[in-house]
Amino acid sequence: MQQETTKAPRFCEVLDDIILRIGRFFSWLNAILVIVIIGQVFLRYVMGMGLVILEELQWHLYAVGIMFGLSYCLVQNTHIRLDLLHDNFSQRTKEWVELLGNLLLLFPITIIILIHGWSFLLDSWLVREGSDSPIGLPARYIIKSFLLSGFGLLALAALSRMVRSVAFLRSRNEGGRHSDAD
């Protein structure tokens, strides 16, 4: 998870555990994705034919994997950042960067997407949106549901991470240690 000595609030532990379980479950989609890609390559280059349905399935599996992988990576603290600078920061500075980055950048964008994504999703469900291709996947509205689910989970992961950062920073201030060496 993260390199800290402060005990995380119970709320964060429970939420992170749920996110990790969901992430591990959806990580199996990568195995299915590999099988679909191999099947599509075999059909295209050996059999001389491709299937639109398999191409679309690849993109749907990528989308679901990424949407749930984002929150998993945030909870595992393996998300992308400029580690060249981050590695040289004290733990206190790292927590401030995490808190401000999540509070000012990640959390607001996830909330905006969740608020405005409902009409996008509802429209898709109401018309039972399918593929643009007549031989494509019939239920595109289902995959669009994963967008809001994934961003909702990402918002919860950001909230958990912010609470952890605040807990760390408060514990250092209450302990009388204001040193940046923490």
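What follows is a short question-and-answer walk through a predicted model.

Q: Let's start with the overall layout. How many helices and strands does the protein have?
A: Keep in mind that this is a predicted model. The protein has six helices and zero strands. Read from the N terminus, the order of elements is α-α-α-α-α-α.

Q: And what share of the residues is buried?
A: Of the 182 residues in the protein, 36% are buried.

Q: What portion of the contacts with a separation of 6 or more comes from residues 24 or more positions apart?
A: That portion is 75%.

Q: On to helix packing. How are two packed helices described?
A: The general idea is that you give the angle between the two axes and the distance between them. Take H2 (residues 29–46) and H3 here: the angle is about 160° and the axes are 10 Å apart. Angles over 145 degrees count as roughly antiparallel, so H2 is roughly antiparallel to H3.

Q: What is the handedness of the crossing of H2 and H3?
A: H2 and H3 cross in a left-handed way.

Q: Which residues of H2 and H3 meet?
A: H2 brings Leu-29, Ile-32, Leu-33, Val-36, Ile-37, Gln-40, Leu-43 and Arg-44. On the H3 side they meet Leu-54, Glu-55, Leu-57, Gln-58, Leu-61, Tyr-62, Val-64 and Gly-65. Sorted by class, this contact holds eleven nonpolar, three polar and two charged residues.

Q: Let me zoom in on Gln-58. Is Gln-58 buried or exposed?
A: Gln-58, a residue of helix H3, has a relative accessible area of 14%, so Gln-58 is buried. Once you set aside residues up to four places away in sequence, Gln-58 touches Leu-33, Val-36, Ile-37 and Gln-40. Those four also turn up on the H2 side of the contact with H3.

Q: Now H1 and H3. At what angle do their axes cross?
A: Roughly 140°, with the axes of H1 (residues 10–27) and H3 (residues 52–76) coming within 9 Å. That angle makes H1 oblique to H3. The crossing of H1 and H3 is left-handed.

Q: Which residues does H1 use to meet H3?
A: In H1 you'll find Asp-16, Ile-19, Leu-20, Ile-22, Gly-23, Arg-24 and Phe-26. Their counterparts in H3 are Val-64, Phe-68, Ser-71, Tyr-72, Val-75 and Gln-76. By class, the contact of H1 with H3 has eight nonpolar, three polar and two charged residues. Val-64 is worth clicking on, as Val-64 is listed in the contact with H1 and also in the contact with H2.

Q: What about residues that sit far apart along the chain? Where does Leu-156 lie, and what does Leu-156 touch?
A: Leu-156 lies in helix H6 (residues 140–174). Leaving out residues up to four places away in sequence, Leu-156 touches Leu-15 and Ile-19. Ile-19 is also one of the H1 residues that meet H3. Leu-156 and Cys-12 are 144 residues apart along the chain, yet their C-alpha atoms are separated by 9.4 Å. With a relative accessible area of 36%, Leu-156 is partly exposed.

Q: And Leu-106: how many residues separate Leu-106 from Leu-154 in sequence?
A: 48 residues, with a C-alpha to C-alpha distance of 8.6 Å. Leu-106 is in helix H5 (residues 91–126). Beyond its neighbours within four places in sequence, Leu-106 is in contact with Leu-74, Gly-101, Leu-154 and Ala-158. Its relative accessibility is 21%, so Leu-106 counts as partly exposed.

Q: Cysteines next. How many disulfides does a search of the whole structure find?
A: Zero. As for individual cysteines, Cys-12 is buried at 0% relative accessibility, whereas Cys-73 is partly exposed at 30%.

Q: Last topic, the backbone. What sign does phi usually have?
A: Most residues other than glycine have a negative phi. In this model, Asn-77 has a positive phi, near 60°. Asn-77 lies in the loop between H3 and helix H4 (83–86) and is partly exposed, with a relative accessible area of 21%. Arg-128 also has a positive phi, near 50°, and lies in the loop between H5 and H6.

How values were computed. Residues numbered from 1 in each chain as written. Predicted model: local features only at pLDDT ≥ 70, side-chain atom pairs only at ≥ 80, totals over all residues. Heavy atoms only, no water. Axes fitted to C-alpha atoms, helices over the stretch in contact; angles between N-to-C directions. Helix = DSSP H or I, 4+ residues; strand = E, 2+ residues; numbered from the N terminus. Parallel < 35°, antiparallel > 145°, perpendicular 65-115°, else oblique. Left-handed = near helix turned anticlockwise from the far one by under 90°. Contact = heavy atoms within 4.5 Å. Nonpolar A, V, L, I, M, F, W, Y, C, P; charged D, E, K, R; others polar. Buried < 20%, exposed > 50% of the residue type's maximum accessible area, 1.4 Å probe, protein only. Disulfide = S-S within 2.5 Å.
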